[in-house]
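Trainee: I am new to this structure, and I would like to take a close look at a single part of it rather than hurry through everything. Could you choose one helix, go through it with care, and then connect it to what lies around it?

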Amino acid sequence: MYNSTNTPVLIYDGVCNLCNGVVEWALNAAPHKTFDFVPFQSQRGQQLLKKYNFPLERLDTLIYIEGDDITTHSDAFLRMTLLLPNYKWLGNTLKWIPSFLRNSLYKTASKYRIQWFGNRTKSCTVVF
């Protein structure tokens, strides 16, 4: 894990299969060290959640932190895709969909993600 202050930080649920799938996809699609992925269950994840006043017990959104800018839900995913060279088109397309529609779909997927995709009990994509 890298700690550059210039690297956007993405906090995710480290035991959610859907979340880990998105992280694996982004790691494969992103140039080296584009993001600093942090599972919310890790010590650093807990520190960041506390610092930015997010709940510590459960995470229902991807959190994108770049400097002092914090983005969640579909906007966080959109911001992430804009930094993936082969998927910028996806971020640029998503920008045209009103955020209330994107977030509605995002929140539905987040609510049922464990039922639909399951979870991991011991490990996550990024070792912490």
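Mentor: What follows starts with the whole chain, turns to helix H2, and then goes on to the residues and salt bridges in other parts of the chain.

Please keep in mind throughout that this is a predicted model. The protein has 5 helices and 4 strands, and when these are read along the sequence they follow the pattern β-α-β-α-β-β-α-α-α. Of the 128 residues in the protein, 38% are buried. Among the contacts with a separation of 6 or more, 67% are between residues 24 or more positions apart. The protein exposes about 7600 Å², and carbon and sulfur atoms supply 56% of that area.

Helix H2 covers residues 43–51, and within this helix Gly45, Leu48 and Leu49 are buried. Seen down the axis of H2, these buried residues fall within an arc of 100°, and so they line one face of the helix. The other side of H2 has Gln43, Lys50 and Lys51, which are exposed. If you ask what covers the buried residues of H2, the answer includes strand S1 (9–12), together with S2 and S3. After the helix comes Asn53, whose phi is positive, near 60°.

Arg44 forms a salt bridge with Asp36, in which the closest N and O atoms are 2.4 Å apart. The two partners can be set side by side by their accessibility: Asp36 is buried, with a relative accessible area of 1%, whereas Arg44, at 24% relative accessibility, counts as partly exposed. Asp36 counts as buried because its 1% is under the 20% cut-off for that word.

In the loop between helix H1 (17–29) and strand S2 (36–39) you will find Thr34, a residue that is buried, with a relative accessible area of 14%. A polar atom of the Thr34 side chain lies 2.5 Å from the backbone oxygen of Pro31.

Helix H1 is also the place of Cys19, which is buried at a relative accessible area of 17%. Leaving aside residues up to four places away in sequence, Cys19 touches Tyr12, Asp13 and Arg113. Cys19 and Asn119 are 100 residues apart in sequence, while their C-alpha atoms are 9.2 Å apart in space.

The salt bridge between Arg44 and Asp36 can now be placed among the others, for the structure holds 5 salt bridges. In one of them the side chains of Arg79 and Glu66 meet, with 2.8 Å from N to O. That pair links distant parts of the chain, with Arg79 in helix H3 (residues 73–81) and Glu66 in strand S3 (residues 63–66), 13 residues apart. Arg79 is partly exposed, with a relative accessible area of 23%, and Glu66 is partly exposed as well, with a relative accessible area of 34%. Glu66 and Arg79 also belong to a network of salt bridges that links them with Asp69. Strand S3, where Glu66 is found, is one of the strands that cover the buried residues of H2, and in this way the walk comes back to the helix with which it began.

Another salt bridge is the one in which the side chains of Asp75 and Arg102 meet, at 2.7 Å from N to O. This pair, too, links distant parts of the chain, since Asp75 is in helix H3 and Arg102 is in helix H5, 27 residues apart. Asp75 counts as partly exposed at 29% relative accessibility, but Arg102 is buried, with a relative accessible area of 11%.

Finally, the surface deserves a look. Ile97, Phe100 and Leu101 make a nonpolar surface patch of about 310 Å². Within that patch, Ile97 is found in the loop between helix H4 (88–94) and helix H5 (99–117), and Ile97 is partly exposed, with a relative accessible area of 35%.

To return to your chosen part, the picture of H2 is one of two sides: Gly45, Leu48 and Leu49 are buried, while Gln43, Lys50 and Lys51 are exposed on the other side.

Conventions
Residues numbered from 1 in each chain as written. Predicted model: local features only at pLDDT ≥ 70, side-chain atom pairs only at ≥ 80, totals over all residues. Heavy atoms only, no water. Patch = residues over 30% accessible without salt bridge, like charges linked within 9 Å, V, L, I, M, F, W, Y side chains within 5 Å. Areas by Shrake-Rupley, 256 points an atom, 1.4 Å probe, with all protein chains shown as cover. Salt bridge = Lys/Arg side-chain N within 4 Å of Asp/Glu carboxyl O. Buried < 20%, exposed > 50% of the residue type's maximum accessible area, 1.4 Å probe, protein only. Polar contact = N/O pair within 3.5 Å; in protein donor to acceptor, adjacent residues only side chain to side chain. Contact = heavy atoms within 4.5 Å. Arc of directions from axis to C-beta.
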